[in-house]
Amino acid sequence: MRSLVTLVSLFLVGVQAQHGSEWTYSKGSLDEEHWPQHYPDCGGQKQSPINLQRKKVQYNPSLKRLNLTGYDVQVGEFPMINNGHTVQISLPPTMRMTAPDGTQYTALQMHFHWGGASSEISGSEHTIDGFRFVIEIHVVHYNSKYKSYDIAKDAPDGLAVLAALVEVKNYAENTHYSNFISHLVNVKYPGQSTILTGLDVQDMLPEDLHHYYSYKGSLTTPPCTQNVQWFVLKDYVKMSRTQALMLENSLLDHENKTLHNDYRRTQPLNHRVVEANFKYSPNESE
Ligand SMILES: *[C@@H]1O[C@H](CO)[C@@H](O)[C@H](O)[C@H]1NC(C)=O
Ligand SMILES: *[C@@H]1O[C@H](CO)[C@@H](O)[C@H](O)[C@H]1NC(C)=O
């Protein structure tokens with residue numbers, strides 16, 4: 001009996017290794033419902049994304065504004081890759097964020113989550129009062145006290161993500177996105193990469209970088225490590241519908257199918273409290 005158990009667990013380890021990078025959102029045997037079987041943290045109590053229910057958010061006036069340095073225009077070469085799950089831009093370590101508690105974080109990469117399947121354009125990960133936005137931008141940072149992301153990614157205080165939501169109405173072209181969008185054609189297939197020369201992340205973020213929601217959560221993709229301090233900006237990025245459709249229809253996944261709906265469903269809040277450095281005002285026009 002014991003040897004049978006050993007055999008079965010060896011088999012499972014083999015399957016896990018074999019499928020290490022083949023998780024998906026909705027297809028096949030490692031879709032998001034099955035992530036916890038291979039990545040136990042994905043079944044944890046402090047997962048992301050969540051629905052930000054504005055009435056329940058706790059106003060904390062002592063939360064200072066984020067100190068973002070090196071976010072404005074940078075000259076250099078910034079690799080941009082289709083990793084089979086999203087498009088990701090490598091960021092220079094001169095980009096830093098100081099959290100309200102004084103913790104300093106170093107930027108590593110930014111990537112996007114979007115919709116596009118079944119003619120539903122919306123694909124943000126965090127929702128606000130149940131409302132899903134069109135696109136979500138994640139700027140991933142690691143705690144600067146660690147030498148590298150590889151060390152920080154397993155530390156309990158390792159990571160912070162600055163997130164922004166994209167709204168699409170009848171907006172004109174957002175020219176801060178034009179260069180990025182024109183490069184998508186170069187990363188159609190998973191594994192393909194291209195180079196952005198020059199990058200201004202600040203311009204790609206909302207105008208108001210002062211007001212945010214904050215809570216403790218996880219990576220939104222496997223291994224779903226629960227060591228992420230989230231900062232979700234209150235203000236939105238505006239983009240034209242044409243630009244959103246370009247992002248949603250330019251990339252292919254590992255099966256050469258258009259990469260649509262690369263977002264995880266919202267996770268239970270459980271006993272966590274979401275804080276914000278602004279007051280909830282239901283009548284505020286957006
Ligand atoms: C912001 O952080 C940088 C270090 O990354 C520091 O030099 C600067 O003084 C900080 N600014 C404020 C206003 O705290
Ligand atoms: C995807 O398409 C490319 C180019 O046509 C081809 O080289 C590759 O083998 C295809 N991959 C799959 C999984 O079909």
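## Ligand 1 and its polar surroundings

An oxygen atom of ligand 1 is placed 3.1 Å from an N or O atom in the side chain of Q104, in what is a predicted model. For N67, the corresponding distance, again from an oxygen atom of ligand 1 to an N or O atom of the side chain, is 2.4 Å. These two residues belong to the set that surrounds ligand 1, which consists of N67, T69, T98 and Q104.

Sorted by character, the shell around ligand 1 holds four polar residues, with no nonpolar and no charged residues among its members. Ligand 1 taken alone would expose 370 Å², and the protein buries 33% of that area.

## Ligand 2 and its neighbours

Around ligand 2 the predicted model places Y189, H254 and N256. An N or O atom in the side chain of N256 lies 2.3 Å from an oxygen atom of ligand 2. When ligand 2 is taken alone it exposes 360 Å², of which the protein buries 30%.

## Q243 in helix α6

Apart from the ligands, one residue can be described in some detail: Q243, which is found in helix α6, a helix that covers residues 241–249. Is Q243 buried or exposed? Q243 counts as buried because its relative accessibility is 6%, and the cut-off for that description is under 20% relative accessible area.

Leaving aside residues up to four places away in sequence, Q243 touches A172, E173, N174, Y177, S178 and I181.

Notes. Residues are numbered from 1 along each chain as its sequence is written. Chains are lettered from A and ligands numbered from 1 in the order in which they are written. This is a predicted model: local features need pLDDT of at least 70, side-chain atom pairs count only at pLDDT 80 or more; totals for chains, interfaces and linings use all residues. Side-chain values use heavy atoms; hydrogens and water are left out. A residue is near a molecule or strand if one of its heavy atoms lies within 4 Å of it. A polar contact is a pair of N or O atoms within 3.5 Å; within protein, one must be able to donate a hydrogen and the other to accept it, and residues adjacent in sequence count only if both atoms are side-chain atoms. Accessible areas come from the Shrake-Rupley method with a 1.4 Å probe; for residues, only the protein chains shown count as cover. Ala, Val, Leu, Ile, Met, Phe, Trp, Tyr, Cys and Pro count as nonpolar, Asp, Glu, Lys and Arg as charged, and the others, Gly among them, as polar. Helices (H or I, at least four residues) and strands (E, at least two) are DSSP runs, numbered from the N terminus. Buried means under 20% relative accessible area, exposed over 50%, partly exposed in between (1.4 Å probe, protein chains only). Contact means heavy atoms within 4.5 Å.
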